[in-house]
Amino acid sequence: MSELPEHVAVNREYWDGVAPQWVEAGERSWNEEVPSWGGWGIPESDLHLLPDDMTGLEAIELGCGTAYVSGWMARRGARVTAIDNSIEQLRTAQRLSHEHGVDLELIHGNAEAVPKPDQSFDFAISEYGAAIWADPYRWIPEAHRLLRPGGNLVFLGTHALVTVCSPIDGSYPISRRLERPYFGIHRMDWREAADDPGGIEFTLTHSAWIRLFRTTGFDIVDLVEIQAPADATGSRAGISADWAREFPTEHVWTLRRTL
Ligand SMILES: C[S@@+](CC[C@H](N)C(=O)[O-])C[C@H]1O[C@@H](n2cnc3c(N)ncnc32)[C@H](O)[C@@H]1O
């Protein structure tokens, strides 16, 4: 097997280590009749990230974690492949898919280099998987390669505003001031963060995302900047519900592969 890129190796070790802490959330999400998305649990009826009927569609989840999104797609009729970089996350995914009687093809690997032929899928999705943990300059072209012309890619991840308002030492809470430069954001290494040290994440400026989509061969169907609901309380990763009612914490891009 070829050597993993540094961020993929770092993130593999990180996710194998924290996987036990994600089991409970995975179990909850697998039990949800109606999908809900992101840190603020926005219902599918508001966001419409999945086609209602996925009968006959080939779908892939890129960075599936415990694979509840894959479960939701399978229940809508899709044949689902799910790839994840962490074998420990996949162990939970395998157990939960088995318990829920859902058949998934699970692959241990890097969503930047998926061992599947070109144009294998009609639909690709990532909620906080490849969407933030993989390098956009690698995984967006890879998602394009995997999709058939006309196929959709939907992904939900961290909004650039969160990055620029994150204190330089990675401490919580997130600031109401700009703490970092906006231009040039790409790779964020959170291994030495003062609070909740993590792995290596990625996001881009809006113009860099758009340029990447267009040069790769995607049309933009939609962009949603998620606002925390009026009744949301508490914090998610150092971001209070109050902050998230005033500023977007997450973005959802819907793209369509052009010919
Ligand atoms: C937060 S989970 C996402 C799954 C789920 N939607 C959730 O929010 O819990 C992040 C997952 O991304 C996976 N991941 C990180 N880098 C990846 C890569 N390069 N390729 C595939 N999966 C990756 C991690 O192993 C982890 O299981």
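**Entry 1: ground rules**

Helices and strands in my notes are DSSP runs, at least four residues for a helix (H or I) and at least two for a strand (E), numbered from the N terminus. I am working from a predicted model.

**Entry 2: His48 and Gln119**

I started with backbone oddities. Most residues other than glycine have a negative phi, and most peptide bonds are trans. I looked up His48 and found its phi near 55 degrees, a positive value in a residue that is not glycine. Where does His48 lie? I traced His48 to the loop between helix H3 (44-47) and strand E3 (58-62). His48 has a relative accessible area of 57%, so I wrote it down as exposed, the cut-off being over 50%.

Gln119 went on the list too: it is not a glycine, yet its phi is positive, about 55 degrees. I placed Gln119 in the loop between strand E5 (104-108) and strand E6 (121-127). Is Gln119 exposed or partly exposed? The relative accessibility of Gln119 is 35%, so I marked it as partly exposed.

**Entry 3: a cis peptide bond**

Next I checked the peptide bonds. The one from Tyr172 to Pro173 is cis, and I noted omega near -5 degrees. Pro173 sits in the loop between helix H8 (160-164) and strand E8 (187-189).

While I had helix H8 on screen, I looked up Val162, which lies in that helix. Val162 comes out at 9% relative accessibility, so it counts as buried. I also took the C-alpha to C-alpha distance from Val162 to Arg176: 9.7 Å, with their positions 14 residues apart in sequence.

**Entry 4: aromatic rings**

I describe a pair of aromatic rings by the distance of the centres and the angle of the planes. How many aromatic pairs does the structure hold? I got 13.

One of them is Trp139 with Phe155, with ring centres 5.1 Å apart and planes at 80 degrees, so I logged the pair as edge-to-face. Trp139 belongs to helix H7 (residues 136-146) and Phe155 to strand E7 (residues 147-158), so this pair ties together parts that are 16 residues apart in sequence. I then checked burial: Trp139 is buried, at 0% relative accessible area. Phe155 is buried as well, with a relative accessibility of 0%.

Then I looked up Trp209 and Phe213. Their ring centres are 5.8 Å apart and their planes stand at 25 degrees, so I logged this pair as stacked. Trp209 and Phe213 are four residues apart in helix H9 (residues 206-216), which means about one helical turn separates them. I noted both Trp209 and Phe213 as buried.

Which residues share a cluster with these rings? Trp139, Phe155, Trp209, Phe213 and Trp253 form one aromatic cluster.

**Entry 5: around the ligand**

I moved on to the ligand and counted 17 residues surrounding it. The closest are Asp84, Gln89, Asn110, Ala111 and Glu127. I sorted the shell by type and got seven nonpolar, eight polar and two charged residues.

For polar contacts I wrote down three. A polar side-chain atom of Gln89 lies 2.9 Å from an oxygen atom of the ligand. Tyr68 puts a polar side-chain atom 3.1 Å from a ligand nitrogen atom. With Asn85 the backbone is involved: an N or O atom there lies 3.2 Å from a nitrogen atom of the ligand. How much of the ligand does the protein cover? I noted 96% of the 580 Å² of accessible area that the ligand has on its own.

**Entry 6: cysteines**

I searched for disulfides and found zero. I still checked two cysteines for burial. Cys64 has a relative accessible area of 5%, so I marked it as buried. Cys165 also counts as buried, at 5% relative accessibility.

**Entry 7: Trp30**

My last look-up was Trp30, which lies in helix H2 (residues 23-31). Is Trp30 buried or exposed? I put Trp30 down as buried because its relative accessibility is 1%, and the cut-off is under 20%. I also checked Trp30 against Ala67: the two are 37 residues apart along the chain, and their C-alpha atoms are separated by 8.1 Å.

Technical notes: Residues are numbered from 1 along each chain as its sequence is written. This is a predicted model: local features need pLDDT of at least 70, side-chain atom pairs count only at pLDDT 80 or more; totals for chains, interfaces and linings use all residues. Side-chain values use heavy atoms; hydrogens and water are left out. Rings of Phe, Tyr and Trp (its six-membered ring) pair if their centres lie within 6.5 Å; planes under 30 degrees apart count as stacked, over 60 as edge-to-face and the rest as tilted. Buried means under 20% relative accessible area, exposed over 50%, partly exposed in between (1.4 Å probe, protein chains only). A residue is near a molecule or strand if one of its heavy atoms lies within 4 Å of it. A polar contact is a pair of N or O atoms within 3.5 Å; within protein, one must be able to donate a hydrogen and the other to accept it, and residues adjacent in sequence count only if both atoms are side-chain atoms. Accessible areas come from the Shrake-Rupley method with a 1.4 Å probe; for residues, only the protein chains shown count as cover. Ala, Val, Leu, Ile, Met, Phe, Trp, Tyr, Cys and Pro count as nonpolar, Asp, Glu, Lys and Arg as charged, and the others, Gly among them, as polar. A disulfide is a pair of cysteine sulfur atoms within 2.5 Å.
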